[in-house]
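User: Hello! I am new to this structure and would like a guided tour, please.

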Amino acid sequence: MMICGVVAGADDFVAIARFANTKKDWFSKFLDMTHGVPSHDRFNAILNAIKGCSRAGSSDPDGISAGLLLEKNGVRVPMRVFG
């Protein structure tokens, strides 16, 4: 959901959750949606957990070498900006 939302232009967790809610029927074809769409806080927590795992033992505090970058209008933006 996060990747689809960002590709569709969402630039923060509230926008990602809003996008996911508008596409709930489509996502339900592929995902178990019995508990509905996660909140923007849940999307934030998930990304922070992923960032924490990818940085474990790394000397790269921003996670940049782990590929945690978005490209927005041709500019590479570290995901920590959105967290």
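User: Thanks! Let us start with one residue: is Met-2 buried or exposed?

Analyst: Happy to help, and please keep in mind that this is a predicted model. Met-2 has a relative accessible area of 18%. The cut-off for buried is under 20%, so Met-2 counts as buried.

User: Which helix holds Met-2?

Analyst: Helices are numbered from the N terminus. The one that spans residues 2-7 includes Met-2, and its name is H1.

User: Which residues does Met-2 touch, leaving aside its neighbours within four places in sequence?

Analyst: A contact here needs heavy atoms within 4.5 Å. With neighbours within four places set aside, the partners of Met-2 are Phe-13, Ile-16, Phe-43, Ile-46 and Leu-47.

User: How far is the C-alpha atom of Met-2 from that of Ala-17?

Analyst: Along the chain, Met-2 and Ala-17 are 15 residues apart. In space, the separation of their C-alpha atoms is 8.2 Å.

User: Which helix gives the largest share of the largest nonpolar core?

Analyst: That core has 14 residues, and Met-2, Phe-13, Ile-16, Ala-20, Phe-27, Val-37 and Phe-43 have the most contacts inside it. At least two of its residues come from each of H1, helix H2 (13-22) and helix H4 (40-55). The largest share, six residues, is supplied by H2.

User: What does Ala-20 touch, not counting residues up to four places away in sequence?

Analyst: Ala-20 is among the core residues with the most contacts inside the core. Once residues up to four places away are left out, Ala-20 touches Met-1, Phe-27, Val-37 and Phe-43.

User: Where is Ser-39, and is it buried, partly exposed or exposed?

Analyst: Ser-39 sits in the loop between helix H3 (24-27) and H4. The C-alpha atoms of Ser-39 and Ala-20 are 9.6 Å from each other, with these positions 19 residues apart along the chain as the stated separation. Its relative accessibility is 39%, and the partly exposed class runs between 20% and 50%, so Ser-39 is partly exposed.

User: Which residues make the nonpolar surface patch of about 330 Å²?

Analyst: One of its members, Leu-31, lies in the loop between H3 and H4. Leu-31 has 40% relative accessibility and counts as partly exposed. Together, the patch is made by Trp-26, Phe-30 and Leu-31.

User: What is the relative accessible area of Asp-41?

Analyst: Asp-41 belongs to helix H4. Its C-alpha atom is 9.1 Å from that of Ala-17, a residue 24 positions away along the chain. Asp-41 is partly exposed, because its relative accessible area is 49%.

User: Stepping back, what pattern does the protein follow along the sequence?

Analyst: The secondary structure consists of four helices and two strands. Read along the sequence, they give the pattern α-α-α-α-β-β.

User: What share of the accessible surface belongs to carbon and sulfur atoms?

Analyst: Of the 83 residues in the protein, 30% are buried. The accessible surface comes to about 5,600 Å², and the share belonging to carbon and sulfur atoms is 54%.

User: Last one: where does pLDDT stay under 50?

Analyst: The predictor's confidence has a mean pLDDT of 76 over the protein, with 61% of residues at 70 or more. One stretch stays under 50, and the model has nine contacts beyond four places in sequence for it. That stretch is residues 62-67.

How values were computed. Residues numbered from 1 in each chain as written. Predicted model: local features only at pLDDT ≥ 70, side-chain atom pairs only at ≥ 80, totals over all residues. Heavy atoms only, no water. Buried < 20%, exposed > 50% of the residue type's maximum accessible area, 1.4 Å probe, protein only. pLDDT = per-residue confidence, 0-100. Core = buried A, V, L, I, M, F, W, Y, C linked by side-chain atoms within 4.5 Å. Areas by Shrake-Rupley, 256 points an atom, 1.4 Å probe, with all protein chains shown as cover. Patch = residues over 30% accessible without salt bridge, like charges linked within 9 Å, V, L, I, M, F, W, Y side chains within 5 Å. Salt bridge = Lys/Arg side-chain N within 4 Å of Asp/Glu carboxyl O.
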